Amino acid sequence: MYVIVAGGGKVGKSVTRSLVDMGHEVTLVEQRRDRYTQLEEEFGHVAMIGDATEIGVLERAGIARPPDLVLAVTGDDEDNLVISQIAREGYGVEKVVARVNDPRNQQHFDLLGITQTICATSGILGLVEHEVPEHGLIRLLELRREGLEVVEVQVEPDSPSAGKTVGELDLPDGSRLISVMRDGRALVAVGSTVLTPGDQLLAILQPGKEDELRKALIRA
Amino acid sequence: MKAVVIGCGRVGSAIALQLAAEGWDVTCLDEKEEALNRLGAGWRGGFVVGHGMDIEVLREAGIEDADAAVVATDGDNTNIVIGQVVQKRYGIECVVVRVLDPLRADFYAKRGMRTVCPTQTAVSVMTDAVRACDIRPLEPTGAA
């Protein structure tokens with residue numbers, strides 16, 4: 001496939017290297033001359049100098065073909081947003097993935113309809129949360145566009161769900177238990193499955209229902 | 001009527017002073033505290049230090065009940081994003097955004113943004129100025 005990567009910092013460079021290794025056709029756009037010179041040494045004609053938020057530069061990179069995928073991964077959130085909008089709305093690029101540098105800007109990407117985003121900071125915080133769960137509920141996967149997330153919850157001895165069957169639980173609408181991890185084995189959660197302390201539950205739910213789910217499972 | 005001016009540089013500050021003189025209740029927002037100096041000692045409007053991408057800062061500047069917003073920071077993409085956020089999140093209809101790059105200004109104008117492109121204005125005005133010069137046409141050859 002054909003991919004335009006906007007931003008040749010650590011992220012853009014590594015992604016380009018992997019994509020090229022996989023045999024994809026890539027154009028990597030970087031605006032800083034010093035960075036571009038290094039990128040050109042490694043990638044040759046794959047690297048291109050220019051400001052990827054300029055329509056003319058994007059056109060020279062082949063935005064009108066249009067590419068199968070555009071990755072807006074510069075270190076500037078506003079730039080990534082504008083690149084995504086021009087690619088999507090101006091040239092009908094179907095897949096655009098934008099990097100969010102400052103997690104506080106995530107809401108702007110959501111508001112402006114750029115739904116495929118990656119945020120390293122949020123990702124790292126998610127991992128920290130996984131290691132040090134503070135609220136009893138760990139977010140494993142978030143499908144923003146689909147309005148769905150997958151979370152993990154551990155049943156404690158004093159949890160309201162301990163000793164109950166899955167069928168007896170008063171789960172919020174739009175949520176469902178998928179599986180119960182017990183002694184290193186995963187069981188599919190069915191109505192008759194009895195929950196015991198130490199069980200790790202996987203659940204799917206609509207974003208925003210975390211508190212209700214938490215109440216139903218681990219905190220009365 | 002209330003206006004929030006985001007980016008209090010040469011352009012933003014002059015717009016703020018103009019609107020205030022016309023009776024608007026104006027609050028300026030800039031990352032740098034020194035920008036307040038541009039408004040002069042007699043400034044009676046509001047001034048908030050912070051980044052226009054920051055929702056808290058926008059709220060502090062009173063964006064929620066503003067009738068108009070002027071976005072004139074020194075970054076085109078920052079202006080474009082802030083302009084859309086202000087328009088969509090707070091439903092402000094009158095949002096005027098400075099975009100120096102003519103192509104981007106045009107792209108977003110077509111999508112309903114009130115963009116103002118000083119570059120395009122300069123091109124038109126300067127071209128007209130050249131046209132208006134009184135230059136005598138060359139003498140036709142062979143006339144003498």
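# Strands, cores and contacts in a predicted two-chain model

In chain A, strand β4 (residues 69-72) pairs with strand β5 (residues 95-99) in the parallel sense, over 4 bridges. Two strands count as paired if DSSP finds at least two bridges between them. Helices (H or I, at least four residues) and strands (E, at least two) are DSSP runs, numbered from the N terminus.

This is a predicted model, in which local features need pLDDT of at least 70 and side-chain atom pairs count only at pLDDT 80 or more, while totals for chains, interfaces and linings use all residues. Residues are numbered from 1 along each chain as its sequence is written, and chains are lettered from A and ligands numbered from 1 in the order in which they are written.

## The parallel strands of chain A

β4(A) also pairs with strand β1 (residues 2-6) of chain A, again parallel. That pairing has 4 bridges. On the other side of the pairing list, β5(A) is joined by 2 bridges to strand β6 (residues 117-118) of chain A, and these two run parallel. Individual partners are tabulated here.

| Residue | Partner | Strand of the partner |
|---|---|---|
| A:Ala72 | A:Ala98 | β5(A) |
| A:Leu69 | A:Lys95 | β5(A) |
| A:Ala6 | A:Ala72 | β4(A) |
| A:Arg99 | A:Ile118 | β6(A) |

Next, the connections. From β4(A) the chain passes through helix α4 (residues 77-91) of chain A to β5(A), a right-handed β-α-β crossover. Right-handed has a set sense: with the strands pointing away from the viewer, the path from the first strand over the helix to the second runs clockwise. A right-handed β-α-β unit is also made by β5(A), helix α5 (residues 106-111) of chain A and β6(A).

β4(A) is covered on both faces. A:Leu69 and A:Leu71 are buried on one side, A:Val70 and A:Ala72 on the other. A residue is buried if 20 or more other C-beta atoms lie within 10 Å of its own, exposed if 12 or fewer, and partly exposed in between, with C-beta atoms placed from the backbone.

## Nonpolar cores

A nonpolar core is a set of buried Ala, Val, Leu, Ile, Met, Phe, Trp, Tyr and Cys residues joined through C-beta atoms within 7 Å. The largest has 64 residues. Those touching the most other members are A:Val5, A:Ala6, A:Val70, A:Leu71, B:Val4, B:Val5 and B:Ala69. Leaving out residues up to four places away in sequence, B:Val5 touches B:Gly12, B:Ile15, B:Ala16, B:Val26, B:Cys28, B:Leu29 and B:Val70. Another core, of 15 residues, lies apart from the largest one. Its members include A:Val155, A:Ala189, A:Leu205 and A:Leu217.

## Domains and the chain contact

Chain A is assigned domain 1 (2-122) and domain 2 (135-217). These bounds come from an automatic or database domain assignment. The C-alpha centres of the two domains of chain A are 37 Å apart.

Chains A and B meet through 15 residues from each chain. On the chain B side, α3 (76-90) and α4 (102-109) of chain B are the elements giving two or more residues. α3(B) supplies the largest share, 8 residues. By class, that side has 6 nonpolar, 4 polar and 5 charged residues. Ala, Val, Leu, Ile, Met, Phe, Trp, Tyr, Cys and Pro count as nonpolar, Asp, Glu, Lys and Arg as charged, and the others, Gly among them, as polar. Two residues are in contact if their C-beta atoms, placed from the backbone, lie within 7 Å.

## Individual residues

Most residues other than glycine have a negative phi, and most peptide bonds are trans. The peptide bond from A:Arg65 to A:Pro66 is cis, with omega near -15°. A:Pro66 sits in the loop between α3 (55-60) and β4 of chain A.

A:Asp183 is a non-glycine residue with positive phi, near 50°. Its loop runs between β9 (175-182) and β10 (185-188) of chain A. A:Asp183 counts as exposed because it has 7 C-beta neighbours inside 10 Å.

A:Val128 belongs to helix α6 (residues 120-131) of chain A. With 11 C-beta neighbours inside 10 Å, A:Val128 is therefore exposed.

In chain B, B:Thr119 is part of helix α5 (residues 118-132). B:Thr119 has 13 C-beta neighbours inside 10 Å, so B:Thr119 counts as partly exposed. Not counting residues up to four places away in sequence, B:Thr119 touches B:Leu100 and B:Pro102.
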